[in-house]
Amino acid sequence: MAGSLQLPLVDLFSADRAAAVQSIREACLEYGFFYIKNHGIDREIHLVFRESEKFFSLPFDEKMKLQRNDDHRGYTPPYAENLDPSSKSKGDLKESFYIGPAKSCKSILESNQWPSEASLPLWRSTMVSYHEKVLTIGKHLLSLIALSLKLDEQFFETIGALDPPMGFVRLLHYPGELKVEDYDNYGASAHSDYGMITLLVTDGVPGLQICRDKDRRPQLWEDVPHIEGAFIVNIGDMLERWTNCLFRSTLHRVVAIGKERYSVAFFLDPSSDCLVECLESCCSETSPPRFPPIRGGDYLKERLELTYSK
Ligand SMILES: O=C(O)CCC(=O)C(=O)O
Ligand SMILES: [Fe+2]
């Protein structure tokens with residue numbers, strides 16, 4: 001049985017910035033998850049959900065024409081991913097679509113795969129606009145996270161983590177009614193995210209759960225309730241490495257409840273060349289770095305290879 005959590009809700013543009021920063025710090029230490037409100041992009045979110053539904057309703061063959069390429073952009077069908085390499089399940093029930101950042105010297109338009117304008121005329125402009133808006137919010141949030149680590153608010157810019165910014169939008173669709181052979185499968189199996197932060201918005205259908213202590217047996221999974229108009233934010237593995245596990249990259253999953261579900265994730269990862277190494281303030285002689293330094297791009301490549309190898 002899963003219990004329900006009361007995660008902190010942070011006002012992104014609060015007049016009391018110090019209080020917002022403090023509640024981010026407490027949330028990252030305790031849960032690795034929190035909500036943000038007052039982000040100002042409700043309209044863009046609404047449009048993204050509308051276009052996402054249209055895409056996933058296309059015939060399977062149409063979607064497969066845009067299958068995820070080597071640059072990790074495009075469509076992933078159901079069962080293609082197993083986020084938990086230790087599990088024996090057939091694969092996750094979700095289908096998804098990745099829109100990545102502009103690759104060096106190119107525009108986001110050239111760097112991605114797009115459905116044809118004839119079938120979905122508003123799709124491309126909706127996704128490009130959302131990518132831009134959510135990236136701006138992600139950067140602002142990262143400056144608050146820097147402050148919550150008692151760093152300069154520009155810290156992540158200064159070390160080149162956003163040069164260029166590596167933001168991936170991922171549209172997700174979970175099926176409704178389940179086939180008997182799918183009863184053992186998850187919508188999305190247990191995993192932690194790889195990057196710095198994830199900003200997630202869902203359609204309100206339940207399913208997302210977190211496990212605060214991955215080593216505890218039996219594991220305790222708690223529901224993350226939906227808050228209308230708020231993003232669910234979580235810390236990724238690379239931020240956990242930077243902070244020497246002070247900030248937690250928490251295990252999460254999506255259980256299938258037999259109800260169709262849509263969500264949109266935004267992963268903000270460090271740039272490929274950025275060195276992810278333990279912050280000075282997070283290690284000492286008695287608490288040495290737990291991870292060796294690694295470049296953002298190398299870490300991401302390693303994790304993606306594991307996810308898609310079966
Ligand atoms: O759909 C969700 O609620 C979560 C998705 C997720 O965890 C992911 O894509 O990494
Ligand atoms: Fe995730």
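What follows is a working chat about a predicted model, its ligand shell, its sheet and two of its leucines.

Student: Let's start with the ligand. Which residues surround ligand 1?

Tutor: In this predicted model, the residues around ligand 1 are Arg170, Leu172, Ala188, Asp193, Leu200, Thr202, Leu208, His252, Val254, Ser263 and Ala265. The elements that contribute two or more residues to that shell are strand E6 (166-174), strand E8 (197-202), strand E12 (251-254) and strand E13 (261-269).

Student: And how does the shell around ligand 1 split by class?

Tutor: It has six nonpolar, three polar and two charged residues.

Student: What does UniProt place at residues 164-270?

Tutor: The unreviewed UniProt entry gives the feature "domain: Fe2OG dioxygenase" for that range. In the model, residues 164-270 are 6% helix and 40% strand, and the C-alpha atoms at the two ends of the range lie 8 Å apart.

Student: Switching to the sheet, what is the order of its eight strands?

Tutor: The order is E2-E3-E11-E8-E13-E6-E5-E4, in an open sheet with mixed pairing. Averaged over the sheet, and with direction ignored, neighbouring strands are turned by 25 degrees against each other.

Student: Which strands stand at the edges, and why is one side of each left without a neighbour?

Tutor: Those are strand E2 (9-11) and strand E4 (74-76), and because each has a single partner strand, one side of each has no neighbour in the sheet.

Student: How many bridges join E3 to E11?

Tutor: There are four bridges between strand E3 (residues 33-37) and strand E11 (residues 231-235), and the two strands run antiparallel. One of the residues involved is Phe33, whose bridge partner in E11 is Asn234.

Student: Which helix lies across E2, E3 and E11?

Tutor: That is helix H1 (residues 17-30), which runs at about 150 degrees to E2.

Student: New topic, then: where is Leu147 found, and what does it touch?

Tutor: Leu147 is in helix H5 (residues 123-148), and, leaving aside residues up to four places away in sequence, it touches Val21 and Glu153. Leu147 counts as partly exposed because it has 19 C-beta neighbours inside 10 Å, whereas a buried residue would need 20 or more.

Student: What about Leu122, is it buried or exposed?

Tutor: Leu122, which sits in the loop between helix H4 (108-111) and H5, is exposed, with 12 other C-beta atoms within 10 Å. Its C-alpha atom is separated by 29 Å from that of Gly207, which is 85 residues away along the chain.

Methods: Residues are numbered from 1 along each chain as its sequence is written. Chains are lettered from A and ligands numbered from 1 in the order in which they are written. This is a predicted model: local features need pLDDT of at least 70, side-chain atom pairs count only at pLDDT 80 or more; totals for chains, interfaces and linings use all residues. A residue is near a molecule or strand if its C-beta atom, placed from the backbone, lies within 6 Å of it. Ala, Val, Leu, Ile, Met, Phe, Trp, Tyr, Cys and Pro count as nonpolar, Asp, Glu, Lys and Arg as charged, and the others, Gly among them, as polar. UniProt positions are given in the numbering used here, feature names are shortened, and annotations may be inferred rather than shown by experiment. Two strands pair if DSSP finds at least two bridges between them. Axes are lines fitted to C-alpha atoms, for helices over the stretch in contact, and angles run from 0 to 180 degrees between N-to-C directions. Two residues are in contact if their C-beta atoms, placed from the backbone, lie within 7 Å.
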